[in-house]
Amino acid sequence: MNGDEYLDLRLGDFLERLGTGHPAPGSGSASALTVAFAAGLVAMVARRSADSWEDSAGVAAQALLLQARAAPLALADAEVWEQALEALETAGGDTKPKGELEQKLDLSAEVPVQIAEAAADTALLAALAAELGEGAYRADAAAAAVLAAAGARAAAHLVSVNLAIQEGDDRLVRARASEETAADAAARALDAGR
Amino acid sequence: MRTVAVTLSDSELVQRCRASDPEAWNELVERFSRYVYAICSQGFRLSPADAEDVFQDVFTRVYTRLDTLRDDSALRPWIGQLTRRRCLDLIAAAGRVQPVEEVAPDGRETSVDELDEAFAVREALAQLSEPCQEMLDRFFARDESYRMISRDLDLPSGTIASRISRCLHQLREELEGKK
C-alpha cells in the first residue's frame, strides 16, 4: 500500500486493519494518529477561541502543522516496522543486530522518536490552549494534551524496546525527554481545564 | 556601497526610479528578479534560456513603461502581470498552448497565484524582527521541534509556542497592511 493511499483510508477501514492480526499498522501508527487527533483538537479549540484569545490563530496554525507532521508518521512507522520484521525473520533466531538488520532496526527507531517529539509539541500547545482558550473548550484542550502525552509515552516505549537502541542512545534520550515534556504539559492542561 | 535602503517601500522605489536614480533601478531589479524568474520557471516551466529572454524583456518594459504605472504601490502585481503575459506570448508563439486570454493550462495560473502569495509572505516576513523570522523559519520551514528551537535560541521551551503565535500575529498584520 503506498503512502497517500494509506492516509486516505476511512477511519473504519483503518481501525479494521489494526485488528486484522497483521503486524502493521501497529502501535507506532496508532500513536502517530493519536497525536494527529490531539493536534486537530487543539486547532479546533484555538479556532473557537478567536474572539477572546488574540494568539488563537497562531496556535491553530501551529496545531495544523503538527497534525500534518504527525499523520504521515503513521504510514512511515508501518513501513519501517514491516521492513524491520522482515529483516528479523530473515535473520532467524539471531536477534543480535548486524548489517541490514541493524539498519532496518535503526530506521524503525527513528520514526517513533519523531512521533514522540511531535507529541510533546502538541501537548505543549494543548496546555496553552487549555490555559488561554475559550472556557467552554478548555476541557477539549486538556483531553488533547492527555492524548498527545499518551502518544509520546507509547512512542518512547517503542524506542526503548527497539533492539538497535542501547541505554544512553541519543534517540532514547530525545524520546524520553519528549515523554516527560508531554506528561508535564498534560498535567498542566488538566489543572487548567477543570 | 548601496545608497538605496532595501526597506524602501515599492512606491518609494518607483518614485526614485522615476527620478532616474540608478541605484533605485538596481534595487528594483534585485528586488524582483527572483520573482520574475520564479514565475517563468516554476509558474510556466520555461527553459532557462526562455526564462532569460522573458526576464530581459520584462525589465526592459518596466524601464520604458514605468510612467504608465498608475498605482505606485502596485509595482509587484504589475511586474507579475507583465511577466505572465510575456511567458504566455512566448508559449503561444511556440505553438504550445492557446492564446493568452483562454489559457489556464494544467493549473499554471493557480501556481502563479501561489507564487504571488509566497512572495508576499516572504516580503512581510522580512519586515519582522530577526528573532521572529528565525523562529518562524525553524518551525514552519525547517520542521524543527519546540525543544530544538528552545535549545538553539536559548529560550525556555514552554514559551516557544506563544512566541511563534505572536510572530504569526505580526506577520498577519504586515500582510494585511500591504493589502
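How many C-beta neighbours does B:D143 have inside 10 Å, and does that make B:D143 buried, exposed or partly exposed? We will come to the answer after a walk through the two chains of this predicted model.

**Where the chains meet**

Let's start at the interface. On one side, 17 residues of chain A take part, and they are in contact with 13 residues of chain B. On the chain A side, the elements giving two or more residues are α4 (56–90), α5 (99–132) and α7 (170–193). Of these, α4(A) gives the most, with seven residues. Sorted by class, that side of chain A has nine nonpolar, three polar and five charged residues.

**The nonpolar cores**

The largest nonpolar core has 77 residues. Among the residues with the most contacts inside this core are A:V42, A:A123 and A:A145, and A:A119 belongs to that group too. Both chains feed the core: α3 (27–48), α4, α5, α6 (138–161) and α7 of chain A, together with α6 (130–141), α7 (146–153) and α8 (160–177) of chain B, each supply at least two residues. The most comes from α5(A), with 19 residues.

A:A119 is a good place to look inside. Leaving aside neighbours within four places in sequence, A:A119 is in contact with A:V35, A:A148, A:G151, A:A152, A:A155, A:S178 and A:A182. Apart from this core lies another one, of 23 residues, including B:C17, B:A51, B:V54 and B:W78.

**Chain B and two aspartates**

Chain B has eight helices and zero strands. Of its 179 residues, 26% count as buried. Taking the contacts in chain B between residues at least 6 apart in sequence, 57% join residues at least 24 apart.

Two loops of chain B deserve a friendly second glance. Most residues other than glycine have a negative phi. B:D143, however, has a positive phi, near 60°, and B:D154 also has a positive phi, of about 55°.

| Residue | Phi | Loop of chain B | C-beta neighbours inside 10 Å |
|---|---|---|---|
| B:D143 | near 60° | between α6 and α7 | 13 |
| B:D154 | about 55° | between α7 and α8 | 6 |

Now back to the opening question. B:D143 has 13 C-beta neighbours inside 10 Å, so it counts as partly exposed; a residue is exposed with 12 or fewer and buried with 20 or more. B:D154 has 6 such neighbours and therefore counts as exposed.

Note on methods: Residues are numbered from 1 along each chain as its sequence is written. Chains are lettered from A and ligands numbered from 1 in the order in which they are written. This is a predicted model: local features need pLDDT of at least 70, side-chain atom pairs count only at pLDDT 80 or more; totals for chains, interfaces and linings use all residues. Two residues are in contact if their C-beta atoms, placed from the backbone, lie within 7 Å. Helices (H or I, at least four residues) and strands (E, at least two) are DSSP runs, numbered from the N terminus. Ala, Val, Leu, Ile, Met, Phe, Trp, Tyr, Cys and Pro count as nonpolar, Asp, Glu, Lys and Arg as charged, and the others, Gly among them, as polar. A nonpolar core is a set of buried Ala, Val, Leu, Ile, Met, Phe, Trp, Tyr and Cys residues joined through C-beta atoms within 7 Å.
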